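This report is meant for a reader who is meeting the structure for the first time. It begins with a question about aromatic side chains and then turns to the chain as a whole and its charged pairs.

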Amino acid sequence: MPQPSHPLAIWSALSVLALLLVGYGGPALAQPSAGTSSAPAQLRQADFIVAVVNSEPITNQDVLVRLQRLESQAARQGNTLAREQLIREVLERLILERAQLQLARQAGVRSDDAAVDQAMADVARQNQLSVEELQRRLSADGMTLSRFREDLRDELTLNRLRDREVDSRVKVSEQEIDQFLAEQKAAVGTGPVSLRLGHILVAVPENASPEQVGKLQLTAQSIVERLRAGSDFASLARTLSDSPEKEAGGDLGLRPADRYPPLFVDATQTQPVGALVGPLRSGAGFHVLKVLEKKQGDTPALVTQTRARHVLLRTGPRLTENAARQQLAQFKRRVEAGQADFAALAREFSDDGSAKQGGDLGWASPGMFVPEFEQTMNRLAPGQIADPLISRFGVHLIQVLERRQMDMSERERRDAAKAQVRDKKVEEALQTWLQDVRGRAYVEFRESPQ
């Protein structure tokens with residue numbers, strides 16, 4: 001079973017940060033800029049070693065390539081950055097990355113081509129592109145496919161290393177959960193206002209052009225107009241929304257206001273039940289909201305639970321990720337063609353404890369599975385099977401069976417609190433670990449980057 005790890009924050013799914021670098025942190029796509037064609041020649045002429053990390057060099061070209069990406073992003077966002085300060089930050093980031101990648105190699109942590117293929121497909125999908133269109137965009141922006149893939153590979157490797165060295169070692173005690181809940185209760189006094197909102201998201205890819213943004217804004221506005229003309233909110237959410245709760249008709253459930261993004265709370269706090277709000281703009285895109293219910297006090301919150309099943313193939317010396325993915329892709333084709341039964345395949349082949357139950361994972365609330373598993377599961381409609389997914393546990397074939405909305409039990413409230421405490425502890429532990437990695441690395445500075 002995909003064991004609980006640090007869960008998705010409740011609203012990370014809504015951020016839809018276009019995997020251009022959610023989860024991967026690699027280079028953001030950019031529109032071609034003037035002077036791109038001459039950049040490689042200029043970089044070659046200026047190339048020299050600026051630092052050595054445990055005998056591995058960082059060149060001036062390494063710094064300038066990363067610097068150009070950050071400056072391009074800042075320019076598109078209308079920001080101006082002090083170049084010298086930015087160069088120092090880029091160099092320090094590269095030093096820390098090299099030190100971590102060296103640790104990963106020593107520990108045997110790596111990401112093979114199958115994982116990189118999946119990452120590329122995710123980046124393309126979240127930017128509403130095919131993989132071929134993504135490759136053309138990269139080429140137009142002066143980035144080779146091999147460079148982009150290596151950046152993704154490095155980020156995947158770093159994520160796996162950090163999970164092994166930090167995430168998996170963080171524990172949360174019952175006393176810490178009690179303290180968190182007590183502090184939360186004291187902060188809200190007589191009890192928070194609980195909101196139940198309907199939500200439709202028109203996602204905007206990261207680095208979308210102004211023309212793309214304008215078209216998507218018109219799409220969101222047309223949805224509002226259809227709603228005001230009497231269209232059913234739930235029906236439009238199921239057919240038009242890009243958010244994970246679309247299958248529930250966009251119903252986010254009744255929950256304390258502090259568990260919604262401030263953008264949503266600010267826009268709806270003075271609105272009556274039944275009011276439509278939006279489109280609201282966030283980093284994820286354009287949001288259309290409907291106030292379905294409001295209650296004062298400590299009202300049980302509804303959560304959307306998912307019942308899914310999976311086949312897990314654990315990888316290792318005898319089974320590579322690519323071979324596992326091909327085997328599961330074959331399973332998917334057989335099930336969809338009616339030539340095989342999913343539960344029977346799970347019982348025969350799955351390396352998970354759920355195999356005896358035909359891969360059935362039971363009813364799961366948000367945050368019970370690791371992010372990469374949960375993100376894929378949340379995109380599926382009941383009955384749908386995802387393409388093979390690579391996680392830290394192996395390769396999965398996931399099918400969603402059904403969904404429901406349930407009141408949060410006391411246990412689920414404690415689980416949600418545990419998730420929030422754990423997220424905070426993971427972040428603190430990560431910063432401590434990174435400082436330790438940097439402190440143990442031997443770094444020799446040569447010439448200053450130019």
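How many aromatic pairs are there by the rule for ring centres? The count comes to 2 aromatic pairs, and, since the model is a predicted one, both are to be read as features of a prediction. In one of them, the ring centres of Phe331 and Phe349 lie 4.9 Å apart with the planes at 45°, and the pair is therefore tilted, an angle over 60 degrees being needed for edge-to-face. Phe331 belongs to helix α12 and Phe349 to helix α13, so that the pair ties together parts that are 18 residues apart in sequence. Phe331 is buried, with a relative accessible area of 2%, whereas Phe349, with 27%, is partly exposed. The rings of Phe369 and Phe373 have centres 5.0 Å apart and planes at 70°, so this pair is edge-to-face. Phe369 counts as buried at 1% relative accessibility, and Phe373 counts as buried at 0%.

## The chain as a whole

The protein chain contains 15 helices and 11 strands, and 48% of its 450 residues count as buried. Among contacts between residues at least 6 apart in sequence, 74% join residues that are at least 24 apart. The chain exposes about 22100 Å², of which carbon and sulfur atoms supply 50%.

## Confidence in the prediction

The average pLDDT of the protein chain is 79, and 83% of the residues score at least 70. Confidence is lowest in helix α1 (residues 12–15), with a mean of 25, and highest in helix α13 (residues 342–349), with 92. Over residues 3–44 the pLDDT is below 50, although this stretch has 106 contacts in the model beyond near neighbours in sequence. Where pLDDT is low, the predicted coordinates should not be read in detail.

## Salt bridges

Side chains of opposite charge can pair when their charged atoms come close. The structure holds 23 salt bridges, and the table gives three of these pairs with the separation of their N and O atoms.

| Pair | N to O distance |
|---|---|
| Arg414 and Glu174 | 2.7 Å |
| Arg196 and Glu293 | 3.5 Å |
| Asp387 and Lys332 | 2.6 Å |

What does the salt bridge between Arg414 and Glu174 tie together? Arg414 lies in helix α15 (residues 410–440) and Glu174 in helix α8 (residues 174–188), so the pair ties together parts that are 240 residues apart in sequence. Arg414 counts as buried because its relative accessibility is 13%, which is under 20%, while Glu174, at 40%, counts as partly exposed. Helix α8 also holds Asp178, which likewise counts as partly exposed at 40% relative accessibility. The C-alpha atoms of Asp178 and Lys418 are separated by 9.3 Å, although the two residues are 240 residues apart along the chain.

The salt bridge between Arg196 and Glu293 links distant parts of the chain, with Arg196 in strand β3 (residues 193–203) and Glu293 in strand β6 (residues 285–296), 97 residues apart. Arg196 is partly exposed, with a relative accessible area of 23%.

In the salt bridge of Asp387 and Lys332, Asp387 lies in the loop between α14 (371–378) and β9 (389–391) and Lys332 in helix α12 (residues 321–336), so the pair ties together parts that are 55 residues apart in sequence. Is Asp387 buried or exposed? At 53% relative accessibility Asp387 counts as exposed, because the value is over 50%, whereas Lys332 is buried, with a relative accessible area of 14%. Helix α12, which holds Lys332, also contains Phe331 of the tilted aromatic pair.

Apart from these pairs, Glu56, Asp62, Arg98 and Arg105 are linked in a network of salt bridges.

## Charges over rings

Charged side chains also meet aromatic rings in this model, as the following contacts of arginine show. The charged end of Arg404 sits over the ring of Trp363, at 4.0 Å from its centre, and Arg281 lies over the face of Phe286, at 5.0 Å from the ring centre.

Terms used
Residues are numbered from 1 along each chain as its sequence is written. This is a predicted model: local features need pLDDT of at least 70, side-chain atom pairs count only at pLDDT 80 or more; totals for chains, interfaces and linings use all residues. Side-chain values use heavy atoms; hydrogens and water are left out. Helices (H or I, at least four residues) and strands (E, at least two) are DSSP runs, numbered from the N terminus. Buried means under 20% relative accessible area, exposed over 50%, partly exposed in between (1.4 Å probe, protein chains only). Contact means heavy atoms within 4.5 Å. Accessible areas come from the Shrake-Rupley method with a 1.4 Å probe; for residues, only the protein chains shown count as cover. pLDDT is the predictor's confidence in each residue, from 0 to 100. A salt bridge is a side-chain nitrogen of Lys or Arg within 4 Å of a carboxyl oxygen of Asp or Glu. Rings of Phe, Tyr and Trp (its six-membered ring) pair if their centres lie within 6.5 Å; planes under 30 degrees apart count as stacked, over 60 as edge-to-face and the rest as tilted. A charge sits over a ring if NZ of Lys or CZ of Arg is within 6 Å of the ring centre and within 35 degrees of the ring normal.
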